[in-house]
Each structure stands twice: as C-alpha cells, then as structure tokens.
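Open the model in your viewer and keep the selection tool at hand. We will go from one helix out to its surroundings.

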Amino acid sequence: MEAITVIETQDLTKIYKGQAAVENLSFKVNEGEIFGFLGPNGAGKTTIVRMLLGFIKPSSGSMTINGRPTSDPESRKHLGYIAEQHMIPPYLSGFEYLSRHASLIGLSGKNAAKEVDRVLEIVAMQGPERKKSATYSRGMKQRIGLGAALLGQPTLLILDEPITGLDPIGIRDVRKILENLRGQGVTVILNSHLLSEVEKTCETAAILYKGKILIKDTINAIVKDNETLEDVFIRYIEHENE
C-alpha cells in the first residue's frame, strides 16, 4: 500500500536579513509517522514549524499539508500544536484553559465538556484540572498544553519540546500517548533536544544544521552498530564544523 504524504516541501527557503534560516529543503512526512526534527539552536527547526503553522511565509519554494499550500488556512484545519514556551494564564484552571481552546475549534456546551474530559484523561490531569494553573508544576503545565493540542482529535500534531519539565514517568506517559496516536494514523512532528527519547519514540528523523538537512532517514538506518542517535548527531555536526 502506497504511503500517504501529509507534509511535503520542495526547495523550501526562508531568508532573514540576507541570511538563509532554511535553504532549499525538500522532504516528505507520511501519514502515521512520528518524525523528529533534530538540530542545535539556530538550525532552522523553529523556522520550519512557523512556516507549517502559517506564522511566516517561505521566501521561495513550496510547503503543503495534505496537498494544500500552507498559505491556505484549511491546510491546518486538523492540526494540533504545542509550543515549547506555551503559557497558561495563572488565573485559569486547566479545565478553563482547555475549555477556551475547545471553543476556538467550534465546540461548546456538553460537546466541549466531553472533549475536555477526554483529553484530561489522556494526559492524566483528572483531579487537579479545577485548580488554578498558578499552583501547577512545569510538568503539569506541559500536560495541559499537550491536552490542548489533542482537542478535536487532530490528524497532524506538531510538538515543540513536549516533554520539557516532565519526570521519567511523565516522559514515559507521553511516549505511550504518541504510540497510541500513531496506531490511529495520526502524524506527529516532534522537536526535541532529548535525543535518547527521539530514538525511542520516532520512526524517522532529520538532522538539520544551518538551515540544511544533513541526513533524513529511519532511525534504524541512521543509528547503526553500537552507536546511539546522540553519537550520530554529534558526528554529523562536528564534521560540518571541520
């Protein structure tokens, strides 16, 4: 069965003040993949995500989601997103925060409450959901942020450092959530500095450096012999700096 392409770019380029943040990137992400973007700060990961989300426009080249150009808001109709530095107003409870997000996707009344309860169960925040977020730990806020991304059962998730602040049990729980979503055909784009977790979670990955992809392949193809993903990552970056 032929793979269904969810994200595709052709010669994607973004120029800032004469400098290429992303340069001539061409890649595909298929339906049901958990795809990891890896790279040091300034590699271009955030720029790619911002273009996917429609926050900024490419300088040249193309980028599509489910065959639609990212300039078309309909391309993001079934997309969920959690930012690395997402903020929850301290005066809102987790339930209130999720309810407001539910209203943004067109849910109200019993339908909204049912959907909020569904994601609260998924992210294991039933119990403290009525407390003000000012009392939440960093990990609890991350769980609520992930819950917001899961509202409406999106078919594409873009997660920027989703396990920041989580303890080992929380990281394991997020990994299980992503594995379950993959089983449902959901496509996940994961930005993370925790290379060991990317190695455990992702099927495919790309290492970026200075706006270019150094390698893109399955994790099994990238990591060989007795190496870890961290070993491969460091080797590629050091080679570029020679």
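Start with helix H3 in this predicted model. Its buried residues are Ala 112, Glu 115, Val 116, Val 119 and Leu 120. Look down the axis of H3: these buried residues fall within an arc of 140°, so they line one face of the helix.

Now select Lys 110, Asn 111, Lys 114 and Glu 121. These exposed residues sit on the face of H3 turned away from its buried side. Just after H3 comes Ala 124, with a positive phi near 55°.

What do the buried residues of H3 pack against? Show helix H2 (94-104) and H4; those are the partners.

Next, select Leu 98. Setting aside residues up to four places away in sequence, Leu 98 touches Val 116, Val 119, Leu 120, Ile 144, Gly 147, Ala 148 and Leu 151. The largest nonpolar core has 48 residues, and Leu 98 is among the members that touch the most others, along with Leu 38, Ile 144, Leu 150, Leu 157 and Leu 159. A second, separate core holds 24 residues, including Leu 12, Ala 43, Met 51 and Ile 65.

Move to the sheet. Six strands form an open, mixed sheet in the order S6-S7-S8-S3-S9-S10. Strands S6 (79-82) and S10 (212-218) are the edges; each has a single partner strand, so one side of each lacks a neighbour in the sheet.

Zoom in on S3 (34-38) and S9 (204-209). They pair in the parallel sense over 4 bridges. Phe 35 stands opposite Thr 204 in S9.

Finish with helix H4 (138-150). It packs on the sheet, touching S6 and strand S7 (156-160). The direction of H4 makes about 165° with that of S6.

Conventions. Residues are numbered from 1 along each chain as its sequence is written. This is a predicted model: local features need pLDDT of at least 70, side-chain atom pairs count only at pLDDT 80 or more; totals for chains, interfaces and linings use all residues. Side-chain values use heavy atoms; hydrogens and water are left out. A nonpolar core is a set of buried Ala, Val, Leu, Ile, Met, Phe, Trp, Tyr and Cys residues joined through side-chain atoms within 4.5 Å. Buried means under 20% relative accessible area, exposed over 50%, partly exposed in between (1.4 Å probe, protein chains only). Contact means heavy atoms within 4.5 Å. Two strands pair if DSSP finds at least two bridges between them. Helices (H or I, at least four residues) and strands (E, at least two) are DSSP runs, numbered from the N terminus. Axes are lines fitted to C-alpha atoms, for helices over the stretch in contact, and angles run from 0 to 180 degrees between N-to-C directions. The arc is that of the directions from the helix axis to the C-beta atoms.
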